[in-house]
Amino acid sequence: RGMVVAKSYEAKAGGIKTGTRLYEALSMCRGCLVIPQDHHSYYMTSHKLKEFLDTKIPELEQYSIDEFFGDLRGWVRDEDTKAFIVNLQKEIKDRFSLPVTIGASSSKWIAKLATSIAKPYGTKVVPKEDIYEFIKDIDIDEFPGIGKAYSKKLRERMIHTLGDALGVKKMFYSWGKYGRDLYARIEGSDNEGILKCDS
């Protein structure tokens with residue numbers, strides 16, 4: 001009766017998604033291993049990781065149990081960002097045995113997209129001046145915030161990539177504040193700050 005709440009890259013390649021019923025997952029990917037969830041362990045690991053990241057990054061936002069945004073401005077020079085995140089990735093692996101992926105950019109949502117593209121266990125830096133070149137061929141469904149409803153509207157207009165999306169600014173703006181904010185996120189001009197959270 002259960003459903004998939006997380007999946008390996010191998011299972012994902014087999015078509016298994018978050019929310020797939022377990023009996024369906026087992027038929028889609030024969031021989032896959034189902035591991036019972038352990039929320040206490042996840043919480044404790046997330047808490048310890050946040051405490052560690054607080055010592056490395058001055059401005060930190062916990063976005064979910066396993067995702068964080070950090071603001072490195074005034075802390076790490078732009079030209080040193082790649083070395084910083086590569087070293088941070090190694091420290092996290094050595095200390096917590098967690099093979100994390102880290103993306104960086106001038107916009108938090110482009111950084112999140114860079115993280116998704118760099119998985120598994122990679123690093124990716126997208127300088128501000130390279131954002132368009134980075135996003136232009138990426139499918140719209142890959143961008144956080146473009147759900148099924150917005151994806152359908154865009155595809156009806158033959159908008160399939162993020163580069164295509166930047167060509168229909170008026171369409172996004174017709175959706176009100178959310179559309180304007182979403183367009184700015186895709187463009188990398190949102191300037192959204194870090195939402196600091198208490199330890």
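A residue counts as buried when its relative accessible area is under 20%, as exposed when that area is over 50%, and as partly exposed in between. With that in hand, here is a first number: of the 199 residues of the chain, 36% count as buried. Please keep in mind as you read that this is a predicted model.

## The whole chain

Let us start with the overall picture. The chain holds 10 helices and 4 strands. Walking along from the N terminus, you meet these elements in the order α-α-α-β-β-α-β-α-β-α-α-α-α-α. The C-alpha trace spans about 45 × 45 × 30 Å along its principal axes. The accessible surface comes to about 12800 Å², and carbon and sulfur atoms account for 52% of it. What share of the contacts with a separation of 6 or more joins residues 24 or more positions apart? That share is 41%.

One example of two residues far apart in sequence begins in the loop between α2 (22-28) and α3, where you will find Gln37. Gln37 and Val5 are 32 residues apart in sequence, yet their C-alpha atoms are 8.6 Å apart in space. Not counting residues up to four places away in sequence, Gln37 touches Val5 and Tyr42.

## Two helices that cross

Next, look for helix α3 (residues 39-54) and helix α4 (residues 81-96), whose axes come within 12 Å and cross at roughly 140°. How should we describe such an angle? Angles over 145 degrees count as roughly antiparallel and those from 65 to 115 as roughly perpendicular, and α3 and α4 are therefore oblique to each other. Their crossing is right-handed.

Which residues make this contact? From α3 come Lys48, Leu49, Phe52 and Leu53, and they meet Leu88, Glu91, Ile92, Arg95 and Phe96 of α4. Sorted by kind, the residues of this contact are 6 nonpolar, no polar and 3 charged.

## Helix α5, largely enclosed

Now turn to α5. Because 9 of its 11 residues are buried, α5 is largely enclosed by the rest of the structure. The buried residues of α5 are Lys108, Trp109, Ile110, Ala111, Lys112, Leu113, Ala114, Thr115 and Ala118.

Two residues of this helix deserve a visit. Thr115 is found in α5, and since the cut-off for buried is under 20%, Thr115 counts as buried at 17% relative accessibility. Beyond its neighbours within four places in sequence, Thr115 is in contact with Thr101, Ile102 and Gly103.

Ile117 also has its place in helix α5. At 43% relative accessibility, Ile117 counts as partly exposed. Leaving aside neighbours within four places in sequence, Ile117 is in contact with Phe134 and Ile138. Ile117 and Ile102 are 15 residues apart in sequence, and 9.9 Å separates them in space, C-alpha to C-alpha.

## Backbone features to look for

Most residues other than glycine have a negative phi, and most peptide bonds are trans. With that background, the loop between α5 and β4 (123-126) is a good place to stop, as Pro120 is found there. The peptide bond from Lys119 to Pro120 is cis, with omega near 0°. Tyr121 lies in the loop between α5 and β4 as well.

The table gathers residues with a positive phi.

| Residue | Phi | Place |
|---|---|---|
| Tyr121 | near 50° | loop between α5 and β4 |
| Met158 | about 65° | loop between α7 (148-156) and α8 |
| Gly188 | about 85° | just after α10 |

Are Tyr121 and Met158 buried, partly exposed or exposed? Tyr121 counts as partly exposed at 36% relative accessibility. Met158, at 60% relative accessibility, counts as exposed.

## Helix α10 and its partners

Our last stop is helix α10 (residues 177-187), whose buried residues are Gly179, Leu182, Tyr183, Ala184, Arg185 and Ile186. What do these residues pack against? Their partners are α5 (108-118), α6 (131-135), α8 (162-165) and α9 (169-173). Try finding α5 once again in the structure: this is the helix with 9 of its 11 residues buried, and the buried residues of α10 pack against it.

Note on methods
Residues numbered from 1 in each chain as written. Predicted model: local features only at pLDDT ≥ 70, side-chain atom pairs only at ≥ 80, totals over all residues. Heavy atoms only, no water. Buried < 20%, exposed > 50% of the residue type's maximum accessible area, 1.4 Å probe, protein only. Contact = heavy atoms within 4.5 Å. Axes fitted to C-alpha atoms, helices over the stretch in contact; angles between N-to-C directions. Parallel < 35°, antiparallel > 145°, perpendicular 65-115°, else oblique. Left-handed = near helix turned anticlockwise from the far one by under 90°. Nonpolar A, V, L, I, M, F, W, Y, C, P; charged D, E, K, R; others polar. Areas by Shrake-Rupley, 256 points an atom, 1.4 Å probe, with all protein chains shown as cover.
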